[in-house]
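Welcome! Take a moment to look at the model below, then try the exercises at your own pace.

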Amino acid sequence: MPELPEVEALAGFLRENAVGAVIGRIDIAALSVLKTFDPPIAELQGRDVTDAARFGKHLAIQAGDLWLITHLSRGGWLRWTDKPSAAPPKPGKGPLALRIHFFTPEGLTPAIDLTEAGTKKRLAVWVVHDPKEVPSIAKLGPDALGVTEPEFAEILGGTTARLKTSLVDQSLIAGIGNAYSDEILHVAKLSPFASSKSLDAHAVSVLYTAMRDVLTDAVSRSEGQDAARLKGEKRSGMRVHARTGLPCPVCGDPVREVSYAERSFQYCATCQTGGKILADRRMSRLLK
């Protein structure tokens, strides 16, 4: 799933490449992707792209007084195409959900494709006058790169959730997902299962600094990358996430995994839990 650094980079890419262009034909390959009907998406056609922005993990394109906002969800991505096919895509064929054609001031005709891999289709698109009309944006907590340390401490002190859960709860802190929460907790040397409310002032400060450092480093590595390279850049910078069984870059012990529902997270027991192996529900069921 694209998180704050990747969505920030995609917004920057669109500001550089799409702002100033005129929106042309919009091809809808998956009708289910549209979550609004008024104003209609066709209302965007013929408008100049005036800005691109990020709201948490939402990517937004502004065209005058209208916004096209997307949440790429778990399997979604944005692809820039310099020479898109002139023929409209066939609905329901392949990963393409939506294509937006542009006319640039230089006379070029590129397009962006919103695609989604996998069978569970969760990619969403809204057309609104105000980004806060999108329910998931209206519920966002302060941005992870905008929240102050006192605000961060107050947020953690107001929930009994585990640290892992608090960091990915968009209503508490916006922009962090499964991957970067693993990285932040590893840098802070804190257990994913630790109680948010129980952290003392020093631990909160360490976690806040780790959050800022991990995200700003990822943003800086993502800046200037085209959309096609961002996924690889994200993977290359990971210390523990998606590295189960590989050596921890700090202590050399194997990275461990906890699986639950449709997801999993990774951590280093030596660095983060004092050597304690966290309960893995999937393995617990297999051992019964």
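The exercises below concern a predicted model, and each is followed by a worked solution.

**Exercise 1. Find where D27 lies, decide whether D27 is buried or exposed, and find its side-chain polar partner.**

Solution.
- Step 1: Locate the residue. D27 belongs to strand 1, which covers residues 22–28.
- Step 2: Check the accessibility. The relative accessible area of D27 is 6%. Buried means under 20%, so D27 is buried.
- Step 3: Look for a polar partner. The side chain of D27 makes a polar contact with the side chain of H101, at 2.9 Å.
- Step 4: Widen the view. Setting aside residues up to four places away in sequence, D27 touches P88, P89, A97, L98, R99 and H101.

**Exercise 2. Work out how the rings of F55 and W67 are arranged, and which strands the pair ties together.**

Solution.
- Step 1: Start from the count, which comes to six aromatic pairs.
- Step 2: Take the pair of F55 and W67. Their ring centres are 5.8 Å apart and the angle between the planes is 75°. An angle over 60 degrees counts as edge-to-face, so this pair is edge-to-face.
- Step 3: Place both residues. F55 lies in strand 2 (residues 51–55) and W67 in strand 4 (residues 66–71), so the pair ties together parts that are 12 residues apart in sequence.
- Step 4: Check both accessibilities. F55 is partly exposed at 23%, whereas W67 is buried at 11%.

**Exercise 3. Classify the ring pair of W80 and F102, then find the cluster that holds these two residues.**

Solution.
- Step 1: Read the geometry. The centres of the W80 and F102 rings are 6.1 Å apart, with 15° between the planes. Planes under 30 degrees apart count as stacked, so this pair is stacked.
- Step 2: Place the pair. W80 is in strand 5 (residues 76–81) and F102 in strand 6 (residues 96–103), so parts that are 22 residues apart in sequence are tied together.
- Step 3: Check F102, which is buried with a relative accessible area of 1%.
- Step 4: Follow the ring pairs. They link F13, W80 and F102 into a cluster.

**Exercise 4. Decide why C271 forms no bond with its closest cysteine sulfur.**

Solution.
- Step 1: Begin with the count of disulfides, which comes to zero.
- Step 2: Look at C248. C248 is in no disulfide, and the nearest cysteine sulfur, that of C271, is 3.7 Å away.
- Step 3: Turn to C271. The closest cysteine sulfur to that of C271 is in C268, at 3.7 Å, which is too far for a bond. A disulfide needs sulfur atoms within 2.5 Å.
- Step 4: Compare the surroundings. C248 is buried at 3% relative accessible area, and C271 is buried at 13%.

**Exercise 5. Describe the largest nonpolar core and find which element gives the most to this core.**

Solution.
- Step 1: Recall a general tendency. In soluble globular proteins, nonpolar side chains tend to be buried together.
- Step 2: Identify the central members. The largest nonpolar core has 34 residues, and L14, I23, I41, L44, I100, F102 and V125 touch the most other members.
- Step 3: List the contributors. The elements giving two or more residues include helix 1 (4–17), strand 3 (58–63), strand 7 (111–116) and strand 8 (124–128). Helix 1 gives the most, with six residues.
- Step 4: Zoom in on L14. Not counting residues up to four places away in sequence, L14 touches V19, A52, L59, I61, L78, W80 and I112.
- Step 5: Look beyond the largest core. Apart from it lies another core, of 29 residues, among them L172, I184, L185 and L190.

**Exercise 6. Locate the cis peptide bond from D38 to P39, and place K189 and A242, which have a positive phi.**

Solution.
- Step 1: Start with the peptide bond. From D38 to P39 the bond is cis, with omega near 5°, and P39 sits in the loop between strand 1 and strand 2.
- Step 2: Take K189. Although not a glycine, K189 has a positive phi of about 60°. K189 is found in the loop between helix 5 (178–188) and helix 6 (201–222).
- Step 3: Take A242. A242 also has a positive phi of about 60° without being a glycine. The loop that holds A242 runs between helix 7 (230–236) and strand 9 (256–260), and A242 is exposed at 61%.

Notes:
Residues numbered from 1 in each chain as written. Predicted model: local features only at pLDDT ≥ 70, side-chain atom pairs only at ≥ 80, totals over all residues. Heavy atoms only, no water. Helix = DSSP H or I, 4+ residues; strand = E, 2+ residues; numbered from the N terminus. Buried < 20%, exposed > 50% of the residue type's maximum accessible area, 1.4 Å probe, protein only. Polar contact = N/O pair within 3.5 Å; in protein donor to acceptor, adjacent residues only side chain to side chain. Contact = heavy atoms within 4.5 Å. Phe/Tyr/Trp six-rings, centres within 6.5 Å; stacked < 30°, edge-to-face > 60°. Core = buried A, V, L, I, M, F, W, Y, C linked by side-chain atoms within 4.5 Å.
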